[in-house]
Amino acid sequence: MDQGSAGLGERAAFVVGALVASASWQLLLAGAGATLGRFLAGPRGRRWTAALGGTAVLLLAARTALGG
């Protein structure tokens with residue numbers, strides 16, 4: 001066997017590790033999305049997103065007007 005090639009056990013461990021890492025990442029994203037969604041759905045969250053969106057539009061308009 002080549003010294004650079006991995007055995008069956010090492011390959012299986014890699015596949016299981018990749019599966020667990022992927023699943024945990026998906027759970028983290030889903031949890032963060034649910035939490036952020038709950039915050040943004042309320043009146044305070046809507047105010048913040050409106051303010052941030054308006055600021056972004058103003059900055060882009062100023063950049064365009066100044067030839068940027």
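The following exercises, with worked solutions, concern a predicted model.

Local features need pLDDT of at least 70 and side-chain atom pairs count only at pLDDT 80 or more, while totals for chains, interfaces and linings use all residues. Residues are numbered from 1 along each chain as its sequence is written, and side-chain values use heavy atoms, without hydrogens and water.

**Exercise 1.** Determine how the radius of gyration of the protein stands against that of a compact globule.

*Solution.* The radius is taken over C-alpha atoms, and the globule rule is 2.2 Å times the number of residues to the power 0.38. For 68 residues the rule gives a value near 11 Å. The protein has 23 Å. Its C-alpha trace spans about 65 × 35 × 5 Å along the principal axes.

**Exercise 2.** Establish whether the end-to-end distance of helix α2 agrees with its expected span.

*Solution.* Helices are DSSP runs (H or I, at least four residues), numbered from the N terminus. The expected span is 1.5 Å times one less than the number of residues. Helix α2 covers residues 43-65, 23 residues, and should therefore span 33 Å. Its end C-alpha atoms are 33 Å apart, which agrees.

**Exercise 3.** Classify the packing of α1 and α2.

*Solution.* Axes are lines fitted to C-alpha atoms over the stretch in contact, and angles run from 0 to 180 degrees between N-to-C directions. Helix α1 (residues 8-41) and α2 pack at about 90°, with axes 4 Å apart. Angles of 65 to 115 degrees count as roughly perpendicular, so α1 and α2 are roughly perpendicular to each other. In contact (heavy atoms within 4.5 Å), Phe39, Leu40 and Ala41 of α1 meet residues of α2 including Pro43 and Trp48.

Key
Helix = DSSP H or I, 4+ residues; strand = E, 2+ residues; numbered from the N terminus. Parallel < 35°, antiparallel > 145°, perpendicular 65-115°, else oblique.
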